[in-house]
There are 2 protein chains.
Amino acid sequence: MMLPKKNTTIRRKEIVQAALQVIGEKGVHGLTITEIAGRAGMSDANIYRHFKGKQEILKALGDFISEAMMGTAAGIAAGKGSSLEKLSAIFRSHAALIAANPGLPRFMFSEEIHLEDLSLAKTIADKIAGYIETLSMIIAAGVKNGELQSLAPRETAITLLGMIQFIALRWSITRGAFSLDAEAERLLNNFLLLIQAGSPQVLLEPDTMEPV
Amino acid sequence: MMLPKKNTTIRRKEIVQAALQVIGEKGVHGLTITEIAGRAGMSDANIYRHFKGKQEILKALGDFISEAMMGTAAGIAAGKGSSLEKLSAIFRSHAALIAANPGLPRFMFSEEIHLEDLSLAKTIADKIAGYIETLSMIIAAGVKNGELQSLAPRETAITLLGMIQFIALRWSITRGAFSLDAEAERLLNNFLLLIQAGSPQVLLEPDTMEPV
DNA sequence: TTGTAATGTGAACGCGCATTCACATAATGG
DNA sequence: CCATTATGTGAATGCGCGTTCACATTACAA
């Protein structure tokens, strides 16, 4: 059987998406050319008409994933809302993105990615640094206007990212044994309690809901 | 050349240690029988005198790593000291352990581990759950005696672990481009500020110290 | 001492997987 | 409509790596 022909730009997107799906199911370890081709509905050899090799596919996938994660975060950061609202929105959207694409954290964690290709590792590291920077600025703004406690912006940003990433890791190891969204919500609530100004110490009365 | 003979229990330890070192340098992806054998100074075939196969080596390595991490944490948890002191000690020892054994986080992150062997994945997940439980109890105790803010023990424990793990990931990706210990210390300080009772909020009145 | 089990090794085997090749078939520009 | 290029495919290639085998050498129990 011969596949109807499409130009390279379209095929490249299909292949990258197929790769992401394969990683979600079989992991980066199970990401073979044959698997990608099968998922994309084409022959193995045809992959090489659109990519120089597997490494190039990984590079394209890295760009796509980085863009998917950073894009929404940057959008939220640039938009309207309080610091708490922005942090919550970014956190939730990130969790939702992972829940929808299990291959995403697998790709980020995988050393098959980090160690194999120096430039790809650098790309990912830079994207993470940018992410931290984005969150830091939101937090710094919140500290300045008294919305948040007086805390270190960068370290707090890293703490937030660590939460997401750790949830994703456990979720990946347990093969989705728990609800990622629900777990994320629990952690977010606790985190918000910690960082917002003058919040806790509700030890006794459960009254002060809706803190504005 | 023929290696002087030793019994299996000794050889098994040597092989596991060699494997851990190889992972630290080449990653789980680069963990090949030939590499392990070379590092341990023995022939490939001899590996199979002491392990049934590669999978069994990974299993033994998983046990070793779990024990190394959980062991010290449990010891500190059972010892004397305030909650803050215990959390700090566990955090620092964990960071130091990772700094000394780069293969440790690589192993934990690797899906080559999680996805290949169900029982190994379960072992790791259980160990992590136990770790969370240990930290939770420390935190719960701190909350009860007023040392810590009224926060959710389990979620706070996960936040702490997420911090460590995220540092380790970035450290791994950047191939040790920054000082893991220093970074860990910065994050720990910020975290302690967040969780201890009545610390920040110096914004206005530095009154409500010591709430019990 | 002696024979049996444990330990050690180089060579070979087989499989999976990335990549290439020779050859169709469709698109596209002149 | 023709020629050139882009796209698509099954089969072959080659290599890395886990594992096995046939055969030494040492430990050790009787």
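1. Chain A has 10 helices and 0 strands. Read along the sequence, its pattern is α-α-α-α-α-α-α-α-α-α. Keep in mind that this is a predicted model. The C-alpha trace of chain A spans about 70 × 30 × 30 Å along its principal axes.

2. Next, the two protein copies. Chain B can be laid on chain A with an RMSD of 0.1 Å. The move is a turn of 180 degrees, with a shift of 0.0 Å along the axis. The two copies are thus related as by a two-fold rotation axis. Which residue of chain B has its C-alpha nearest the axis? That residue is B:G162, with its C-alpha 2.2 Å from the axis. The same surface serves both copies, and 96% of the contact residues of chain B recur in chain A.

3. Now the contact between the copies. Chain B puts 46 residues into it, and chain A puts in 48 residues. About 4,600 Å² is buried between chain B and chain A. Carbon and sulfur atoms give 62% of that area.

4. Charged and polar pairs also cross this interface. The rule finds 4 salt bridges between chain B and chain A. One salt bridge joins A:E155 to B:R186. Their closest N and O atoms are 3.7 Å apart. A salt bridge needs a side-chain nitrogen of Lys or Arg within 4 Å of a carboxyl oxygen of Asp or Glu, so this pair qualifies. There are also 15 residue pairs in polar contact across the interface, both residues being at pLDDT 80 or more.

5. Which elements of chain B give two or more residues to the side that touches chain A? They are α6 (103-109), α7 (111-114), α8 (118-144), α9 (153-173) and α10 (180-195) of chain B. Of these, α9(B) gives the most, with 13 residues. By type, the residues on this side of chain B divide into 23 nonpolar, 12 polar and 11 charged.

6. Turn to the DNA, starting with strand D. How many residues surround DNA strand D? The count is 25 residues. The closest are A:R11, A:R49, A:H50, B:K5 and B:I33, with both protein chains on that list. Look at the atoms of DNA strand D within 4 Å of the protein: 55% belong to sugar or phosphate, and the rest to bases.

7. Chain A reaches phosphate oxygens of strand D in several places. A polar backbone atom of A:L3 is 3.3 Å from a phosphate oxygen of DNA strand D. For A:P4, a backbone N or O atom lies 3.3 Å from a phosphate oxygen of this strand. With A:N46 the side chain takes part: one of its polar atoms lies 3.1 Å from a phosphate oxygen of DNA strand D. The elements that give two or more residues to the surface near DNA strand D are α1 (8-26) and α3 (44-50) of chain A, together with α3 (44-50) of chain B. The most come from α3(A), with 4 residues. The residues of this surface divide into 11 nonpolar, 7 polar and 7 charged.

8. Now strand C. DNA strand C is surrounded by 25 residues. A:K5, A:I33, B:A45, B:R49 and B:H50 are the closest. Of the strand C atoms that come within 4 Å of the protein, sugar and phosphate account for 55%.

9. Base or phosphate: which part of strand C does the side chain of B:K5 approach? An N or O atom in the side chain of B:K5 is 2.8 Å from a base oxygen of DNA strand C. B:R11 offers a side-chain N or O atom 2.7 Å from a phosphate oxygen of the strand. B:P4 uses its backbone, with an N or O atom 3.3 Å from a phosphate oxygen of DNA strand C. Two or more residues of the surface near DNA strand C come from each of α3 of chain A, α1 (8-26) of chain B and α3 of chain B. Here α3(B) gives the most, with 4 residues. The residues near DNA strand C divide into 11 nonpolar, 7 polar and 7 charged.

10. A last point on salt bridges. A search of the whole structure finds 24 over all chains. One of them links the side chains of A:E14 and A:R11, at 2.7 Å from N to O. Both residues sit in helix α1 of chain A; being 3 residues apart, they are separated by about one helical turn. A:R11 is also among the residues closest to DNA strand D.

How values were computed. Residues numbered from 1 in each chain as written. Chains lettered and ligands numbered in written order. Heavy atoms only, no water. Contact = heavy atoms within 4.5 Å. Buried area = accessible area lost by both parts, 1.4 Å probe. Polar contact = N/O pair within 3.5 Å; in protein donor to acceptor, adjacent residues only side chain to side chain. Nonpolar A, V, L, I, M, F, W, Y, C, P; charged D, E, K, R; others polar. Least-squares fit on C-alpha atoms with pLDDT ≥ 70 in both. Near = heavy atom within 4 Å.
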